[in-house]
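Work through the following exercises with the sequence and the model at hand, and try each task before reading its solution.

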Amino acid sequence: MKVMIHTRLAPARALAHVRTRAHGRLKTVVRSFSADRAKLPASTRAPTSAYVHLPFCRSRCYYCDFAISVIGTRTDASEGMRAYAEAVTRETRATATRMRERYGASGIKPLETIFFGGGTPSLVPVDVLGEILGTLRREFGIASGAEISAEMDPGTFNEDKLRGFLDLGVNRVSLGVQSFDDEVLKRAGRSHDVREAELAIEMLRSCGVPRWSVDLIGGLPGVDAKTWRASLDRVIESGADHVSVYDLQVEKGTAFYRWYGENAKEDGSRPALPSEDASADAFREASAALRAAGYEHYEVSSYAKPGARCKHNQIYWQNGGWYGFGMSATSHVDGERMARPRKMNEYYAYVNALEKGEDVGVISTGGDGSDALFEHLMLRLRTSDGLDLEDVTERFGASVVDEIHDAIKPFVPDYAVYGVNDRGHRSSLHLTDPEGLMMSTEVLSTLISKMPSLADDR
Ligand code: SF4
């Protein structure tokens, strides 16, 4: 059986996949969901997590297709950020009003996780972040001990700003280093170098940030086994309690797509992308090195020291609910996923409509029963906790579990293994680390083709 990196499989991308990118944000690519199909039964519980998208970046990295606003070195950019933050606070208030109507005031529970992703949240002035956090606190409440994460990029903050974020309550930082090799960073269009990454790490340590993560991307042009191992070693040495390791995706519309996409012509001036075999080796190397250093590989791209899992991201993998605020942010409330507009003016129009109580006409990415089952399998199989078969029985019925047993057979035991309960019954299903996790897309493709409950009968 051919081993392939989960994130790079073309066939499965045509089906569906969920991935995170170097921004702690769930990005969902779904089958052709139609808005008029029956939705899942409404949850009786309002979310206690919020994702806030702060879309400003110095420049666009060559691999990035995120909804961002490039500010370059402009010194007047904070005006635009203030206008945007005002829209986010208005969206937050209007959403809270709708939620109170839906759940009643007592049904709104304080937020337990908040994630500022982007873009580059560390470009945003401290008082602007404070305004957004203050609004979340007033409208929803923030639980004591809540995890409040912010993505920060090297070269975009100093000690004053970091301390300012900490004073506001940010207690977890996700640092977008991506590589500890200057040439690789330059070829990826990153706006920082290794010296700035080292300075940023030093600041996180000296300012006593309670928890922090480093992001790395494997599969960047110019990365070889030696530079990859050096980046892994450096991240382990840094003392980060969490590491995210992403595999490069070459997305349409990016500079990388022009250079490395389907129709790209060979250009000797650029290093080639690492081969799939090299990417698979890099995945294995990351898993082995980080686990040997005491990190738990708890999700396909995520490693944590004991007790340092990212609580916010776990909500995504558990298929839980979260609010989304800001341009392009997704949310998952009452079983319905929604993606906000990706363009600034359309996002502002969406906020106006939301405030007026109009039908906001956002893209619905929620689905009916088979879509919900597929999402559930896809999310759970990415994690070391795996798929709880008793939970599947409860949510989708015992016959679905029988279908899973049949479909998964070719992958057991090399790529998938069962956990058993104290009665000796198979109670959970897990992909093996690293081989099974690398095969996750093929596993899902097989489940789709073999499970009648996942048949797309539309
Ligand atoms: S910093 Fe992040 S969001 Fe901004 S352009 Fe680069 S990859 Fe995209």
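**Exercise 1. Determine which residues of helix 7 are buried, and on which side of the helix they lie.**

Begin with the list: the buried residues of helix 7 are Thr227, Trp228, Ser231, Leu232, Arg234, Val235 and Ser238, where buried means under 20% relative accessible area, exposed over 50%, and partly exposed in between, with a 1.4 Å probe and protein chains only. These residues cover an arc of only 160° around the axis, which puts them on the same side of helix 7; the arc is that of the directions from the helix axis to the C-beta atoms. Next, look at the opposite face, turned away from the buried side, where the exposed residues Ala225, Lys226 and Glu237 are found. Finally, identify what the buried residues pack against: helix 6 (194-206), strand 9 (211-218), strand 10 (242-247) and helix 9 (276-292), a contact being heavy atoms within 4.5 Å.

Because this is a predicted model, local features need pLDDT of at least 70 and side-chain atom pairs count only at pLDDT 80 or more, while totals for chains, interfaces and linings use all residues. Residues are numbered from 1 along each chain as its sequence is written, and side-chain values use heavy atoms, with hydrogens and water left out.

**Exercise 2. Check the span of helix 7 and describe what is found at its start and after its end.**

Helices (H or I, at least four residues) and strands (E, at least two) are DSSP runs, numbered from the N terminus. The expected span is 1.5 Å times one less than the number of residues, so the 14 residues of helix 7 (residues 225-238) should span 20 Å, and the end C-alpha atoms are indeed 20 Å apart. At the start of the helix, a side-chain oxygen of aspartate 224 comes to within 3.1 Å of the backbone nitrogen of lysine 226. After the helix comes glycine 239, whose phi is positive, near 90°.

**Exercise 3. Place valine 173 in the fold: is it buried or exposed, and which residues does it touch?**

First locate valine 173, which belongs to strand 8 (residues 172-178). With a relative accessible area of 1%, valine 173 is buried. Leaving aside residues up to four places away in sequence, valine 173 touches Ala150, Met152, Leu162, Leu204, Val209, Arg211, Trp212 and Ser213. As for proline 210, 37 residues apart from valine 173 along the chain, the two C-alpha atoms are separated by 8.6 Å.

**Exercise 4. Work out which strands stand at the edges of the sheet 17-19-18.**

The 3 strands form an open sheet in the order 17-19-18, with antiparallel pairing; two strands pair if DSSP finds at least two bridges between them. Strand 17 (387-388) and strand 18 (416-420) each have a single partner strand and therefore stand at the edges, so one side of each is left without a neighbour in the sheet. Strand 17 is joined to strand 19 (residues 426-431) by 2 bridges, and aspartate 388 has serine 428 of strand 19 as its bridge partner.

**Exercise 5. Find where the cis peptide bonds that join glycine 118 to glycine 119 and aspartate 433 to proline 434 lie.**

The bond from glycine 118 to glycine 119 is cis, with omega near 20°, and glycine 119 sits in the loop between strand 6 (111-118) and helix 3 (126-140). The bond joining aspartate 433 and proline 434 is also cis, with omega about 5°; proline 434 is placed in the loop between strand 19 and helix 15 (435-438).

Key: A polar contact is a pair of N or O atoms within 3.5 Å; within protein, one must be able to donate a hydrogen and the other to accept it, and residues adjacent in sequence count only if both atoms are side-chain atoms.
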